[in-house]
Number of protein chains: 2
Amino acid sequence: MIQKLIKKIKEKDAPVVVGLDPTLSLIPDVIKEKAFAKYGETLEGAAAAVLEFNKEIVDAIYDIVPAIKPQIAMYEQFGVPGVQAFYDTVKYCQQKGLIVIGDVKRGDIGSTSAAYAAAHLGSIKIGDSKWEPFAEDFATVNPYLGSDGVRPFIDVCKANNKGIFILVKTSNPSSNEFQDRLIDGRPLYEWVGEKVAEWGEGALNGDYSLVGAVVGATYPEMGKVLRNIMPKAYILVPGYGAQGGKGADLVHFFNKDGLGAIVNSSRGIIGAWQQEKYTHFGEKNYAHAARAAVIDMIEDIRNALLQKTGIND
Amino acid sequence: MIQKLIKKIKEKDAPVVVGLDPTLSLIPDVIKEKAFAKYGETLEGAAAAVLEFNKEIVDAIYDIVPAIKPQIAMYEQFGVPGVQAFYDTVKYCQQKGLIVIGDVKRGDIGSTSAAYAAAHLGSIKIGDSKWEPFAEDFATVNPYLGSDGVRPFIDVCKANNKGIFILVKTSNPSSNEFQDRLIDGRPLYEWVGEKVAEWGEGALNGDYSLVGAVVGATYPEMGKVLRNIMPKAYILVPGYGAQGGKGADLVHFFNKDGLGAIVNSSRGIIGAWQQEKYTHFGEKNYAHAARAAVIDMIEDIRNALLQKTGIND
């Protein structure tokens, strides 16, 4: 699956992923009104608005991005109908040829992680039938419980050609509290990074591993160190845009082959219509605003990478 | 909510919680056959079997336990119908007067944690209406992202009188890999425990805090240390029974008031009918086997606590 992702990144010449993390405040009134008219101001109504919003954005950008990353929390907040909208979003994106990274940050003791892995990346046997409950292509995983909480995900990845991104250094301000604490002179995130490299060795798929990492764009210097520690791990880089990360910060996350990282932006894209730079699109054309923001993001990152490789004109 | 939990623990004289973590292999054939006859060997069929299984167990034990802890992974593995069964299980338990601890181990950056907190412990505004998506009473939370990933949960707990249990030292074998690493001479789990105490100070509810901790029964010596570091945190103690923890290991997790901890058993209870000690109940009477296993567990813990306080006869 990591090779499939790389192929799509090359095809689109765009190492980016768009986070479909809808909150009601990001959804234009016209969509909400239509959904509420049909389902009322209910969880069903909100979920219908979310799905409609997502579809229009996906329709507007699917030809220029390789992947979509729905954050499941934004769907769980609308209860069971919200989780159905998550499922429908995953399916819709895949039908459009997009790779789906389920941002679920699951992680638990072994038998429970096995259930999460089956849910999000694998299949479950029911009687003589086999079902794929959510069937994302990648999922994010929390490492706090150690190897036996992570390995069930890797086993499922290997069996089904899927992938994971393990939280190493997260983009938020207080990620320093535990992740930066020194252990034998080196921060915890480096030790986690070493484990990611170790776990990934047994799950190679071409030059890269099915086991990737999450490292926030907001910490470029740490990205540089982690890039070296985990040479075969694809790095999912959140924190670009709304959280403050810029193109120039991102070059450290890439390998010399120009690969090795995929940069996420969520609110910066799906909420573009509310930003000064894109308000001229108007509320109804929020999906076109999203497309313009994606194009700007891709250009920003391409420029940064060209400057890094020194072949800029 | 922690006072409500304490009240129920005292009423039942049972500091225990039963984990409703159903896998298909724990569910008697007769229940599965009935569900599959109605819904086919589908996710819906599995979810129906799970809910039926849960209800019968709850009916058999609700008068002797204060709380139930459904592990959401075991429901997510059955897709959207499984998540519906999770919701229905939460509701059913609450209707029976039980406190529900949603074992969801969520945790993310601030805005995302806020969505998870709303989903599981709070409410969401949709137009002029307010909905409680899953409405558990407590939830478990992963601390890897630090304060800004945890505080949104605490805010929701304070606003809605709910509670959380933060992973400190988990019960699994490889929890040592990161959690036991020494930082300034002390293991990471102690630093997390200190944060739990600090976060909990602002969320007191009587003598205890709405902010509790998870510490595995499998690490009693660490439980002793953590008990002192977090005197006002209720400790949720998994790992009893199937994972190897015994009553005598548990005394360190309690305070001198006989409170401060609640011990979980999952497979040991709901899968009791498959254990040699309880097979005489027969497959159809799996719920009675579960009740017998709960009674044995409560007795084991009561005896251990009596020996600790020295008032055993």
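Let's start inside chain A of this predicted model, at helix α6(A). Its residues Thr112(A), Ser113(A), Ala114(A), Ala115(A), Tyr116(A), Ala117(A), Ala118(A), Ala119(A) and His120(A) are buried. That makes nine of the 11 residues in the helix, which spans residues 110-120, so α6(A) is largely enclosed by the rest of the structure. What does the covering of these buried residues include? Chain A itself contributes β3 (99-106), β4 (124-126), β6 (138-141) and α7 (147-160), and α4 (73-76) of chain B joins them.

That last element brings us to the other chain. Here, 60 residues of chain B are in contact with 60 residues of chain A. Which element gives the most to the side of chain B that touches chain A? It is helix α6 of chain B (residues 110-120), with six residues. Sorted by class, this side of chain B has 31 nonpolar, 21 polar and eight charged residues.

How are the two chains arranged? Two copies of a chain are related by a rotation about an axis and a shift along it. In this model, chain B is superposed on chain A by a rotation of 180° with 0.0 Å of shift along the axis, and the RMSD is 0.0 Å. That is the relation of a two-fold axis. If you want to find the axis from chain B, look for Ile183(B): its C-alpha is the nearest in that chain, 2.6 Å away. The contact fits into this picture too: 100% of the interface residues of chain B are also interface residues in chain A, so the copies meet through the same surface.

Now let's stay with chain B and follow its strands. Eight of them close into a barrel, in the order β1-β2-β3-β6-β7-β12-β13-β14, with parallel pairing. On average, neighbouring strands of this sheet are turned by 30° against each other, direction ignored. For one pair to look at, take β13(B) (residues 235-237) and β14(B) (residues 261-265), which pair in the parallel sense over three bridges. In this pair, Leu236(B) stands opposite Ile262(B) of β14(B).

Helices come into the view as well. Helix α7(B) (residues 147-160) lies across β6 (138-141), β7 (163-169) and β12 (211-215) of chain B, and runs at about 150° to β7(B). This helix also packs with α6(B), at an angle of about 35° and with the axes 8 Å apart. Their crossing is right-handed. On the α6(B) side, Gly110(B), Ser113(B), Ala114(B), Ala117(B) and Ala118(B) meet Asp148(B), Gly149(B), Pro152(B), Phe153(B) and Val156(B) of α7(B). By class, this contact has six nonpolar, three polar and one charged residues.

Technical notes
Residues are numbered from 1 along each chain as its sequence is written. Chains are lettered from A and ligands numbered from 1 in the order in which they are written. This is a predicted model: local features need pLDDT of at least 70, side-chain atom pairs count only at pLDDT 80 or more; totals for chains, interfaces and linings use all residues. Two strands pair if DSSP finds at least two bridges between them. Helices (H or I, at least four residues) and strands (E, at least two) are DSSP runs, numbered from the N terminus. Axes are lines fitted to C-alpha atoms, for helices over the stretch in contact, and angles run from 0 to 180 degrees between N-to-C directions. Two residues are in contact if their C-beta atoms, placed from the backbone, lie within 7 Å. Ala, Val, Leu, Ile, Met, Phe, Trp, Tyr, Cys and Pro count as nonpolar, Asp, Glu, Lys and Arg as charged, and the others, Gly among them, as polar. A residue is buried if 20 or more other C-beta atoms lie within 10 Å of its own, exposed if 12 or fewer, and partly exposed in between; C-beta atoms are placed from the backbone. Copies are superposed by least squares on the C-alpha atoms of residues with pLDDT of at least 70 in both. A crossing is left-handed if the near helix is turned anticlockwise from the far one by less than a right angle, and right-handed if clockwise.
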